[in-house]
Each structure stands twice: as C-alpha cells, then as structure tokens.
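Biologist: Before I rely on any of the terms used for this model, I would like to go through them one by one and hear what each rests on.

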Amino acid sequence: MDRSSHATETLSPGRVFCTAKVECPEPLKAQVQGHLPPWLQGTLLRNGPGMHSVGETAYNHWFDGLALLHSFTIKDGDVHYRSKYLRSDTYNCNMEANRIVISEFGTMAYPDPCKSIFSKAASYLSHAIPDFTDNCLINIIKCGEDFYATTETNYIRKIDPKTLETLEKVDYTKYVAVNLATSHPHYDSAGNTLNMGTSIGDKGKTKYMIFRIPSTNPDKEKKKSCVKYAEVLCTIPSHGLLSPSYYHSFGMSENYIIFLEQPFKLDILKLATAYFRGVNWASCISFNEGEKTWIHIVDKRTKKAVSTKFYTDSMVVYHHVNAYEEDNHVVFDVIAYKDNSLYDLFYMANLKHDFEEKNVLTSVPFCKRFVIPLQHDKKAEVGTNLIKLPSTTAKATKEKDDSIYCQPEILCEGIELPRINYDYNGKNYRYIFAARVEWRPIPTQIVKFDLLTKKMLRWAEEHCWPAEPVFVPSPNATEEDDGVILSVIVSTDSKKAPFLLILDGKTFTELARASVNVDMHLDLHGMFIPDGK
C-alpha cells in the first residue's frame, strides 16, 4: 500500500535505469518509521551500476555501468546512508578522458579518432588478449578481514566498508591462473573463502579452477592480503577447449562443490577478435539449446571430482540457492531459465522504453532441485532411477554408457536473487528469501518461500522495486527464520523517497523503514556486516 496521499508521477523504467546518480559520500541521516530491533547493529553494504554515460559516450548495457557503492549503517535505532563511486582504474580513466575508454562486457571502447596510427595499433594488439575491466559493480565479498568490490573478471578492489573509499587493486592472476572469476564465493565454517574461475588457454588448456583464500594470513609478520595466499583446490577441464561455459555462481555443501558446466558458452576465438571485428564481448557468448548441462561434483576432502558423469538438459543458471547432503545424496537448488534471453532485456535500448510485449521475459525463472546419488548400485539396470530419497520427485536415471541423467523437481517459479540464512549454507534448510519476478525482469515483490509447505509469504507496495533481500539472523537464534530481512527499495513514484525496508523474518510483516531523500540507484548484490565483524 502506498502510504502517501499526493498525486503520483510515475517514472519510466528509462528514468530509473538510465539516469546517472549523484554520489552522497558524507553520512546522511535517514528518517526512520517503525521500530528497529535493538540487536540490529551494523552496515548493509550494496553494489551496482550507477552511471551509464561519460561525456558524449554511453554504455550499451545496464550491467556495464560504473560501480556505485552505497550503505545503510544502523546504530542504536538510527540509520545513516552514504554512497560513493568506486574509484577503479576504469572510472579514473573514463573521467580523465571524459569519454568511455575502457571496454565492458556489453560495450567495446575504441581509441579517440584523433589519436595517432601508432596508438591505435597498440590498442588493437592489447585487445587480442584482453586486459579486462576493474569496474567491480556486482557484489561485495569478504576475504580474511578485508572487503572487496567484485565483478566477473580477474580484478577485485579492496574497499573501506565504513567510508566506501576505494583501496588497492588485486589481480587474481598473480596467485591463481584465472582470467574470469565469479562474484559469488562461499565461506566455509573456518571462514575461508572458496571461489571458482576460468583459466583460458593456460598451457594450451581451458579449465575451471576452484580456489581457496585462507581466513587468516599464515605469515603473521607480513601484513599481506589473504588473497595473496590463495591456493587451487581442484581443476576441471572444459568440455570445449575453446568454448568454456559461462557461470555466475556455484554451489557448496559440507563436503562438496557443485559446478554446472552449462551450454551457455564463451567462444575464445571470437573473444580474441571481437575488438578487430567491432563487436562487444557479450556477442562472443551463445546458448546452445539441446546440448547437455554437465554437473560436476568435487569432493573438497580429496580435491578431486567424482568420476561418475552426471548431466541434465540445457538450461541457463545464474544463481545457486543452496546445497546439502542427505543419505549419500547431494541435493542442490538453483534458479534456472530455458535460455539466455534475460541478459538481452538489460540492453539500454530496451530499458529506455516502458516494458512492452517485446521487452518481457520469454523464459520465466524456475527454482529447481537436483539430487545426485553419490553411492549407487553399479549393477542397476539402464533406466533405473537411482535416487532413494522419499522427500523429492527429482530423478537420476542410469544411461547405457553408465552416465546419469538428472531430472529436477520444480519447487516454484518466478523468483530470482535468492538468499538464505547463511548459517544454513551447506545444510538441509527450509526457507528461501527472494525477489519475485513475473512477466518482466524487474522485481515487484519480496517473498519468503517455505520448501516444506510450498507456501509463499509476500511483501509488495505500489510503485516499489525491491532489491535482493538479505537475511540477518537474530543473536542466539534457534530457528532458521528468526531474524530480519533487509531490502533497498527504489520507487517509480517521483515524490516518494527510496528507503531501506526491514521485515520480520518469520511473519514477513514490516518492522521499520528508513527513508533518504536521494536519487538512489538500483543495486545488484551485497552483504550485511554486523558491528565487530
């Protein structure tokens, strides 16, 4: 329900998505309505694109925009907001030139036409093996005691979570041979950070690498970043030497890593020649409908992949939800699409208009549960379902070549940006907190989905676009949903200020909201940092 009584002026998606946001680097006190739980003390830190044009040049895709960090700091019932552009090398170069000079995934940048032929030639050569952007706009991750803004390249940028100041630039390739890496790592019980990346053409082989960053610096006499002590746990060869899979995240249970090698593939040869051909890097990725999605299960204890070949139908997965082990099975849940059409909807040309019939989702996201039988009867007949769990309708069927064809259980549809109580990551769990999407890719609701009862609680308000919901557990919580949900809300009502929404994790009723009078951007991902952590 819209609480205001004024006449509404509704902003178009183009205004919300495309208008450059002005940073707010000094703390701005928010207006709090309702009552914040006294135990809720800390900072919600978020990341996303905030500027899509520089000078007379503009980005082609929304995911290319310059990273804008923002935060809500909660202390003794008060909330303060601030935002600041990440001062990446990309940002600084663009600002100095007053034009886009660093390429992004959906936007290829070219030399100034006034530059000499020698400068142009050097630029072309440098793009044959791309030095990717450090415009880290996707997420915030923790490595040891440090926090980093991340994207999907080999670069991450250390930041100060209190002031949002940009600190050192870290290159993964100096420690592990990955050219691309996810922005969705996992954290084990010891606080170590586990992530995945793709190594393109290392020693003539394209492969996927699982690597671990220790939670503490093993060399206590030197104040080095924990990232500098990263180690490779396991490598998985790509099914296609010159066409590795694109992936945005992966799953982790107590003892296993789950990686989906999906037929959403990056063509290395096209990537190397994209600059010369005048096309962006996004055009080098294609979805191969009808090809298999390979399911790789890696044992963290042995640091080796399970030898059995598991696969499912073609699909595109951006976000894993959770994974756990039960009676010699690995159970994992993902948000899956039938194709890659979601990415195309976020080209700026599409976002500048209202969402019409041509600008709607052609592939609705489904939350799917897959079950992998780790120990099965090798003598089972072809066509036998090898899953022995009574709690699921998922199937894993033995094929003639001893590979196993996995068919999922459909848990629900129309949710994205899934989050859980991370204390239950890798464990049997009950609740998914997510954004609700229907015919268009913009969330209009926040939901709590009960995996046991299959019921869904919802929060929605007219003209409101909620961000990814973040669950914060109560101190000493004994139940999975004992805590609060935090979500940043942007309004399409020009007279309604954006706000931080705080919901009760159990009932999904509103506890409080903290409004700030700023032109706030739509963000992507982030984390809550409790005081003292």
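Modeller: What follows takes up the overall build, two sheets and the cavities in turn, and this is a predicted model.

Biologist: What makes the protein chain as compact as a globular protein of its length?

Modeller: The protein chain, which has 6 helices and 39 strands, has a radius of gyration of 23 Å, and the globule rule gives 24 Å for 533 residues; the two values are close, so the chain is as compact as a globular protein of that length. Taken along the principal axes, the box filled by its C-alpha atoms is roughly 70 × 65 × 60 Å.

Biologist: Why are S1 and S39 called the edge strands?

Modeller: The open sheet in question is formed by 5 strands in the order S1-S7-S6-S3-S39, and strand S1 (28-29) and strand S39 (525-530) each pair on one side only, which makes them its edge strands.

Biologist: How do you know that S3 and S39 pair?

Modeller: Pairing requires at least two bridges between two strands, and strand S3 (residues 42-51) is joined to S39 over 6 bridges in the antiparallel sense, so the requirement is met. Within this sheet, Leu44 stands opposite Phe528 in S39.

Biologist: Which helix lies across S3, S6 and S7, and at what angle does it run to S6?

Modeller: That is helix H2 (residues 89-97), which lies across S3, strand S6 (66-75) and strand S7 (78-85) and runs at about 120° to S6.

Biologist: Which strands are at the edges of the sheet with the order S30-S31-S32-S33?

Modeller: In this open sheet of 4 strands with antiparallel pairing, strand S30 (415-419) and strand S33 (456-459) are the edge strands, since each pairs on one side only. From one strand to the next, the twist averages 30°. S30 and strand S31 (residues 431-436) pair over 3 bridges, which again satisfies the requirement of at least two, and Glu416 stands opposite Ala435 in S31.

Biologist: How many cavities of 30 Å³ or more are there, and what lines the largest cavity?

Modeller: There are 3 cavities of 30 Å³ or more, and the largest has a volume of about 50 Å³. Its lining consists of Lys21, Val22, Cys24, Leu68, Tyr81, Ser83, Val518, Asp519, Met520 and His521.

Biologist: How does that lining divide into nonpolar, polar and charged residues?

Modeller: It divides into 6 nonpolar, 2 polar and 2 charged residues; Tyr and Cys count as nonpolar under the scheme used.

Technical notes
Residues numbered from 1 in each chain as written. Predicted model: local features only at pLDDT ≥ 70, side-chain atom pairs only at ≥ 80, totals over all residues. Heavy atoms only, no water. 1 Å grid on protein atoms, 1.4 Å probe; cavity = no way out; pocket = protein on both sides within 12 Å on 5 of 7 lines; lining within 4 Å. Points joined across faces, edges and corners; volume = space filled by probe spheres on them. Helix = DSSP H or I, 4+ residues; strand = E, 2+ residues; numbered from the N terminus. Contact = heavy atoms within 4.5 Å. Axes fitted to C-alpha atoms, helices over the stretch in contact; angles between N-to-C directions. Rg over C-alpha atoms; globule rule 2.2 N^0.38 Å.
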